[in-house]
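Here's a quick walk through one structure, strand by strand and ring by ring. Have the viewer open while you read.

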Amino acid sequence: MRKAVIFDMDGTLWDSADNIVTSWNQALPAIGETALVITRERLLGLMGKTMDYFAADFFPQYTPEKGMELFHVLEVAENEYLRLHGAALLGDVEAVFRRLHEAGWGVCIVSNCQSGYIEAFLEHYHLENLVDDLECYGNTGRGKADNLRTVIARNGLERYWYLGDTQGDYDACAEAGVPFLWASYGFGTVDADVPQVDSLEEIVRAVGE
């Protein structure tokens, strides 16, 4: 039987908010937005949403197409910054991935992020060989539920869990028919009676054999 734990990124594997804010504010002058200042609080209010929501929030004065064009400049700056600097890990990610593999579980990542974001995380921490597959909104233009279905089908998974920290993560899993585990240590809350883990390290015990 092919089985895997599928992970969310932000609020589940790491907290990159401060470094994202730094990279975006550094990049804003290059697109002529010197008056806009992005804060951690504003970012966290959008965390988990797809990139078009971010673009509309930051650049409401432009057409959606122009807003996405400007936001892409921030995405490129963000990916490069995170590739170089990493962020605040929310546990011993490498050890958890290794323990899951030792227990026979694959490791996948599905996020609503832009293309290159997950790869920046993997490259900075040298985790490429420990992640079996990944997918994101930036690659497909589709939401998390569709991307979960894609990863499950692509890998022939018969048994799987998704670990995420927000209501949006839970809703996507409910839509896709994917069993959900709530990362209670993350950014958000979930309005549902679901199993939870209180630290990243608990995931190995939670999924069992």
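## A strand under cover

In this predicted model, β4 is mostly covered, with six of its six residues buried. Which residues of β4 sit on one side and which on the other? Gly106, Cys108 and Val110 are on one side, Val107, Ile109 and Ser111 are on the other, and all of them are buried. That leaves both faces of β4 covered.

## Where β4 sits in the sheet

Zoom out and you'll find six strands in an open sheet, ordered β5-β4-β1-β6-β7-β8, with parallel pairing. The edges are β5 (133-136) and β8 (196-197), each of which pairs on one side only. As general background, strands of a sheet pair through backbone hydrogen bonds, in either a parallel or an antiparallel way.

On one flank, β4 (residues 106-111) is joined to β1 (residues 3-7) by four bridges, and the two strands run parallel. Two residue pairs are handy for finding your way here: Val5 stands opposite Val107 in β4, and Phe7 stands opposite Ile109 in β4. How many bridges join β4 to β5? Four, and these strands run parallel. Ile109 turns up again here, with Leu134 as its bridge partner in β5.

## Getting from β4 to β5

The chain goes from β4 through α6 to β5, and this β-α-β crossover is right-handed. Helix α6 (residues 117-125) packs on the sheet and touches β4 and β5, with its direction at about 140 degrees to that of β5. Another helix, α8 (residues 144-154), also packs on the sheet. Helix α8 touches β1, β4, β5 and β6 (159-164), and its direction makes about 155 degrees with that of β5.

The loop between α6 and β5 holds His126, and its backbone deserves a look. Most residues other than glycine have a negative phi. His126, though, has a positive phi, near 55 degrees, and is a residue other than glycine. Is His126 buried or exposed? Its relative accessible area is 64%, so it counts as exposed, the cut-off being over 50%.

## The other half of the sheet

Moving the other way from β4, you cross β1 to reach β6. Five bridges join β1 to β6, and the two run parallel. Phe7 is a useful marker once more: its bridge partner in β6 is Leu163, while in β4 it stands opposite Ile109.

Next, β6 is joined to β7 (residues 180-183) by three bridges, again in a parallel run. Which residue in β7 is the bridge partner of Tyr162? That would be Phe180. To get from β6 to β7, the chain crosses through helix α9 (residues 167-176), and this β-α-β crossover is right-handed.

## Rings against rings

The structure holds 14 aromatic pairs. Take Trp24 and Phe71: their ring centres are 5.4 Å apart and their planes meet at 70 degrees, so this pair is edge-to-face. Trp24 belongs to helix α1 (residues 17-27) and Phe71 to helix α4 (residues 64-85), so the pair ties together parts that are 47 residues apart in sequence. With the limit for buried at under 20%, Trp24 makes the cut at 2% relative accessibility, and Phe71 does so at 0%.

Phe71 has another ring partner in Phe58. Their centres lie 6.0 Å apart with the planes at 45 degrees, so this pair is tilted. Phe58 sits in helix α3 (residues 51-58) and Phe71 in helix α4, so here the tie is between parts 13 residues apart in sequence. Phe58 is buried too, with a relative accessible area of 3%.

These contacts belong to a wider network: ring pairs link Trp24, Phe54, Phe58, Phe59, Tyr62 and Phe71 into a cluster. For a ring with a charge on it instead, go to Tyr53. Lys49 lies over the face of Tyr53, at 5.1 Å from the ring centre.

Terms used. Residues numbered from 1 in each chain as written. Predicted model: local features only at pLDDT ≥ 70, side-chain atom pairs only at ≥ 80, totals over all residues. Heavy atoms only, no water. Pairing = 2+ DSSP bridges. Contact = heavy atoms within 4.5 Å. Axes fitted to C-alpha atoms, helices over the stretch in contact; angles between N-to-C directions. Phe/Tyr/Trp six-rings, centres within 6.5 Å; stacked < 30°, edge-to-face > 60°. Buried < 20%, exposed > 50% of the residue type's maximum accessible area, 1.4 Å probe, protein only. Lys NZ or Arg CZ within 6 Å of the ring centre and 35° of its normal. Right-handed = clockwise from strand over helix to strand, strands pointing away.
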